[in-house]
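Visitor: I would like to learn how to read the features of this model. Where do we begin?

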Amino acid sequence: MIEIDDKQLERVKTVLASVPKGANRAVSSAINRAASAARTEAVKQVRAQYIIKAQDVRSPMSIEKASSSGPMATLRASGRVIPLSKFRISPSNPNQSRPLRAQVKKGSSGGIVQHAFVAKMPSGHVGVYMRKTRRRLPIKELFGPSVPHMIGSKEVMEKIEVRAAEVLEDRLEHEITRLLKGYGK
């Protein structure tokens, strides 16, 4: 959680006392930038540990922006487990009969997934599947971790919070300067 302490808030209010709603505008704008930087850092940190595309990490994340009336932004990561086919698999094309290898985390060697195969569904989705029984059907799709799970590690969260706090402090100073210069004209 990233917060502006009382000392910082009082300073902003004092400096921007002559600007109508200046403190609220500066704080909300700085918080929004910090939330955006937190999302970027989350994607970066997840990709440093997992073999996944940035888009697949970013898309289930959303930011509820702060406004001058409510200076609080929320970064949410939601979503279900991600299909194993979104990580590194080999072979990646259907109709290849060699054993399927999968690697989810960087630094690990991954491994062979016994009895798994790659198939293209009528919808066009290519996934990694396994038979539920000895019969041809039914089959089930295999999955890796979800985005909230990948972001939820203590190490990743600490780096996100540090980056957001840095950006919040920098942007707060920038917003104060911008509002003072803009209001003086």
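Guide: Begin with pairing: two strands pair if DSSP finds at least two bridges between them. Strands (E, at least two residues) and helices (H or I, at least four) are DSSP runs, numbered from the N terminus. This is a predicted model, where local features need pLDDT of at least 70 and side-chain atom pairs count only at pLDDT 80 or more, while totals for chains, interfaces and linings use all residues. Residues are numbered from 1 along each chain as its sequence is written, and side-chain values use heavy atoms, with hydrogens and water left out.

Visitor: Which residue in β8 does F117 stand opposite?

Guide: F117 faces Y129. Five bridges link β7 and β8, and their pairing is antiparallel. These strands belong to an open, antiparallel sheet of three, in the order β7-β8-β9. β7 and β9 are the edge strands; each has a single partner, so one side of each lacks a neighbour in the sheet. From one strand to the next, the twist averages 45°. For such angles, axes are lines fitted to C-alpha atoms (for helices, over the stretch in contact), and the angles run from 0 to 180 degrees between N-to-C directions.

Visitor: In what order do β4, β5 and β6 lie in their sheet?

Guide: The order is β4-β5-β6, again three strands in an open sheet with antiparallel pairing. The edges are β4 (88–90) and β6 (111–112), each with a single partner strand, so each has one side without a neighbour in the sheet. Three bridges join β4 to β5, residues 101–103. Within this pair, S90 stands opposite R101.

Visitor: Which backbone features should I check in the loops?

Guide: Check omega and phi. Most peptide bonds are trans, and most residues other than glycine have a negative phi. Now the exceptions here. The bond between S90 and P91 is cis, with omega about 5°. P91 sits in the loop between β4 and β5. Another cis peptide bond joins L137 and P138, also with omega about 5°. P138 is in the loop between β8 (126–131) and β9 (139–141).

Visitor: What is the phi of N95, and is this residue buried or exposed?

Guide: Its phi is near 70°, a positive value in a residue other than glycine. N95 is in the loop between β4 and β5. Buried means under 20% relative accessible area, exposed over 50%, and partly exposed in between (1.4 Å probe, protein chains only). N95 counts as exposed because its relative accessibility is 79%. H115 also has a positive phi, near 65°. H115 lies in the loop between β6 and β7 (116–120). At 67% relative accessible area, H115 is exposed.

Visitor: How do I read a nonpolar core?

Guide: In soluble globular proteins, nonpolar side chains tend to be buried together. A nonpolar core is a set of buried Ala, Val, Leu, Ile, Met, Phe, Trp, Tyr and Cys residues joined through side-chain atoms within 4.5 Å. The largest one here has 25 residues, and I52, V128 and M150 have the most contacts inside it. Two or more residues each come from α2 (22–49), β7, β8, α4 (147–151) and α5 (154–183). α2 gives the largest share, four residues. Apart from this core lies another, of 17 residues, including V19, A26, A66 and V167.

Visitor: Which residues does I52 contact, beyond its neighbours within four places in sequence?

Guide: Contact means heavy atoms within 4.5 Å. Those neighbours aside, I52 touches V46, R47, V57, I82, K86, F87 and M150.
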